[in-house]
Amino acid sequence: MARPAVAEINLKNIQANFKLASSFAPAGKTLAVVKANAYGHGAARVAQHLAQDAEVFAVACIEEALALRKAGLQQPILLLEGFFEAAELEVIAQEGFWTAVHRQEQLDQLARSVLAKPLCVWLKIDTGMHRLGFSPEQAIKAYNDLLNMPHVKQVVVMSHLANADDSLAPGASVPSQVAQLPEFFLNPGIELSIANSAAILSQPTALRHWQRPGIMLYGSCPLAIANQHSNSLRPAMTLKSQVIATRWVEPGESVGYGGRFVAERRTRVGTVAMGYADGYPRQAAEGTPVLVDGQRTQLIGRVSMDMLTLDLTNLPDADVGSEVEFWGEKLSANEVAAHCDTIAYHLFTGVTDRVPRTYIE
Ligand SMILES: *Cc1c(COP(=O)(O)O)cnc(C)c1O
């Protein structure tokens, strides 16, 4: 029998989440963000499953886009970080990729290139993230320069908000971030894209021609405070494994490396085939919730590379072979992430290749 660690991916839930995302802006378009291997869910399978519904996909870079072409995907694929060297432009044009342009050198390289096919370019503008993008002052000139390039057939203006969930940032509301954009771009004839998942779920004023949902497709709520929309998201990844050994430890005895957990009472320990080399975070605190045969218990002791240990004292029926769920449909990845000092995005993208993905269609 194979090692029981597996990430079960429910493709129907991803499809339902995509439909929910699309429903917020029925007059606009919604592309599916499948960068970072579809947030760990398997980009090829996810994109193939969404190919009926999504007209455009988005990834971080050309390598990810080429992998999707190899998997048979025919739609346009937007490169959210753009190109890193001018040599990519020819492939971008040939393959029907769309590219972001976020700084002047890229614009110059594009202006100098001779391309067999015209491109769709997403002009990135910095509205306060201060990571990538033209400043609002430079943006109109960049936009007009792009429009004047014969091998640019379409320009979409994009900004990625630093605080798309403005409940935590009263000083930087979404409308005030959007207001950083020159008014020039609010002309309805200019295609605009502002909203990621958090903005789609909570900021009607950020909905424009194009929406860019990522994390919500995978069923995780990115909002600091869930709302009625985010409550209908369906988690797509269930990370699970099985108990492979059990034992009793006596009061005063410790469990695992460094003896972080010391038993205060007689404790029944379950050892599970799941460790940080599978992507379960080593930062997981004492008491991180886990389900065993659907019942809640908790992590005890440090996570090791290939194993971790649980408290089974109150679960007398649990034994070798019991199913363990780390996050998924019955245990929110957000709740687990909070015990690991991280976010669900990090948990999902951290699941390593050692963990086979199985798919529910
Ligand atoms: C990753 C990314 C998204 C998706 O963000 P989520 O928070 O996962 O919805 C949207 N836009 C850009 C530019 C991105 O890099």
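This report walks through the pockets, the cavity and one annotated lysine of a predicted model.

## The largest pocket

Let's start with the biggest opening. The largest pocket has a volume of about 940 Å³. It is lined by 39 residues, and those closest to its centre are K35, Y39, H160, N196 and Y345. Four helices each give two or more residues to this lining: α2 (35-39), α9 (197-202), α10 (333-339) and α11 (344-350).

As for chemistry, the lining of the largest pocket splits into 24 nonpolar residues, nine polar ones and six charged ones. Where does the largest pocket lie relative to domain 1 and domain 2? Residues from domain 1 (11-222) and from domain 2 (237-360) both contribute to the lining, so the pocket sits between the two.

## K35, the annotated lysine

K35 deserves its own look. UniProt, in an unreviewed entry, lists K35 as "modified residue: N6-(pyridoxal phosphate)lysine". In the model, K35 belongs to helix α2, and this lysine is among the residues closest to the centre of the largest pocket.

Is K35 buried, exposed or partly exposed? Its relative accessible area is 30%, and because buried means under 20% and exposed means over 50%, K35 counts as partly exposed. Leaving aside residues up to four places away in sequence, K35 touches A58, V59, A60, E64 and L80.

## The second largest pocket

Next comes a pocket of about 280 Å³, the second largest. Its lining has 18 residues, with G219, S220, C221, S332 and N334 closest to the centre. Sorted by type, the lining of this second largest pocket holds eleven nonpolar residues, seven polar ones and no charged ones.

Which domains line the second largest pocket? Domain 1 (11-222) and domain 2 (237-360) both supply residues, so this pocket, too, lies between them.

## The enclosed space

Now for the space that is closed off. How many cavities of 30 Å³ or more are there? The count comes to one, and the largest cavity holds about 50 Å³ of space.

Most of the names around the largest cavity come from one stretch of numbering: K124, I125, D126, T127, G128, M129, R131 and L132 are among the lining residues, along with S159 and H160. H160 also turns up among the residues closest to the centre of the largest pocket. By type, the cavity lining is made up of three nonpolar, four polar and three charged residues.

Key
Residues are numbered from 1 along each chain as its sequence is written. This is a predicted model: local features need pLDDT of at least 70, side-chain atom pairs count only at pLDDT 80 or more; totals for chains, interfaces and linings use all residues. Side-chain values use heavy atoms; hydrogens and water are left out. On a 1 Å grid over the protein atoms alone, a cavity is a set of points where a 1.4 Å probe fits but cannot get out, and a pocket is an open set with protein on both sides within 12 Å along at least five of seven lines; lining residues have an atom within 4 Å of a point. Grid points are joined across faces, edges and corners, and a volume is the space filled by probe spheres set on the points. Ala, Val, Leu, Ile, Met, Phe, Trp, Tyr, Cys and Pro count as nonpolar, Asp, Glu, Lys and Arg as charged, and the others, Gly among them, as polar. Domain bounds come from an automatic or database domain assignment. UniProt positions are given in the numbering used here, feature names are shortened, and annotations may be inferred rather than shown by experiment. Buried means under 20% relative accessible area, exposed over 50%, partly exposed in between (1.4 Å probe, protein chains only). Contact means heavy atoms within 4.5 Å.
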